[in-house]
Amino acid sequence: MANAQMRPVAALLLFLNFSMYAIVLGIGAWAVNRAIDYGFIIGPGLKLPSHFSPIYFPMGNAATGFFVTFAVLAGVVGVASAIAGINHIRSWNAGSFPSAASIAGVAWTFTVLAMGFACKEIELEIRNARLRTMEAFLIILTVTQLLYIAAIHGSA
């Protein structure tokens, strides 16, 4: 690729993004596990109430279920983006660029979507420290993933 000066910048951003996506996945997995263990339980022979939501989380607020769902999706796609990015950083040629750039764009899109739900959750308040951490990480990841995309496109 023509601009090899962007390679260390892209590698640093890739490592940072991978680490943050892994932390988001860990916190998201905790939230999903907690929702499964302590969520809405109904006995046999009883009907679901009219206000029942299948995306119910016992911690947080009304936006928590959507936020955690899209944060876990963004984390999974972000880790896949990092794997494709490692291949691109290692070879740094035009053949590996399309896959790294396309999956990075998809990961950024999911991250922006999760960040939107994070902003809604911040607006509604009532959440615990782990969810606050995941919100902060997703807001930061929205910027760093976009910078990573710019870094690999700048070298093309």
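Two residues are in contact when heavy atoms of theirs lie within 4.5 Å. Keep that in mind as you work through these exercises on a predicted model.

**Exercise 1. Which residues does asparagine 17 contact, leaving aside its neighbours within four places in sequence?**

Step 1. Find asparagine 17 in helix 1.

Step 2. Set aside the neighbours within four places in sequence; asparagine 17 is then in contact with Leu141, Thr144, Gln145 and Tyr148.

**Exercise 2. Classify asparagine 17 and serine 19: is each buried, partly exposed or exposed?**

Step 1. Recall the cut-offs: buried means under 20% relative accessible area, and exposed means over 50%.

Step 2. Asparagine 17 has a relative accessible area of 3%, so this residue is buried.

Step 3. Serine 19 also belongs to helix 1. Its relative accessible area is 25%, so serine 19 is partly exposed.

Step 4. For a little extra, look from serine 19 to glycine 78: they are 59 residues apart along the chain, and their C-alpha atoms are separated by 10.0 Å.

**Exercise 3. Describe how helix 3 and helix 4 pack. Are they roughly parallel or antiparallel?**

Step 1. Two packed helices are described by the angle between their axes and the distance between the axes.

Step 2. Locate helix 3 at residues 97-124 and helix 4 at residues 129-154; their axes come within 8 Å and cross at roughly 150°.

Step 3. Angles over 145 degrees count as roughly antiparallel. Helix 3 and helix 4 are therefore roughly antiparallel to each other.

Step 4. Add the handedness: the crossing of helix 3 and helix 4 is left-handed. The residues of this contact comprise 19 nonpolar, five polar and two charged.

**Exercise 4. Now do the same for helix 2 and helix 4: at what angle do their axes cross?**

Step 1. The axes of helix 2 and helix 4 cross at roughly 35° and come within 11 Å.

Step 2. Here, too, the crossing is left-handed.

Step 3. Helix 2 contributes residues including Phe67, Val68 and Ala71, while helix 4 contributes Met134 and Leu138, among others. Sorted by class, the contact has eight nonpolar, five polar and one charged residues.

**Exercise 5. Which members of the largest nonpolar core touch the most other members?**

Step 1. This core has 22 residues, and those touching the most other members are Val24, Phe67, Val68, Ala71, Met134 and Leu138.

Step 2. Ask where the core comes from: helix 1, helix 2, helix 3 and helix 4 each supply at least two residues.

Step 3. Zoom in on leucine 138. Not counting residues up to four places away in sequence, leucine 138 touches Val24, Phe67, Ala71, Thr111, Ala114 and Met115.

Definitions and conventions. Residues numbered from 1 in each chain as written. Predicted model: local features only at pLDDT ≥ 70, side-chain atom pairs only at ≥ 80, totals over all residues. Heavy atoms only, no water. Axes fitted to C-alpha atoms, helices over the stretch in contact; angles between N-to-C directions. Helix = DSSP H or I, 4+ residues; strand = E, 2+ residues; numbered from the N terminus. Parallel < 35°, antiparallel > 145°, perpendicular 65-115°, else oblique. Left-handed = near helix turned anticlockwise from the far one by under 90°. Nonpolar A, V, L, I, M, F, W, Y, C, P; charged D, E, K, R; others polar. Core = buried A, V, L, I, M, F, W, Y, C linked by side-chain atoms within 4.5 Å. Buried < 20%, exposed > 50% of the residue type's maximum accessible area, 1.4 Å probe, protein only.
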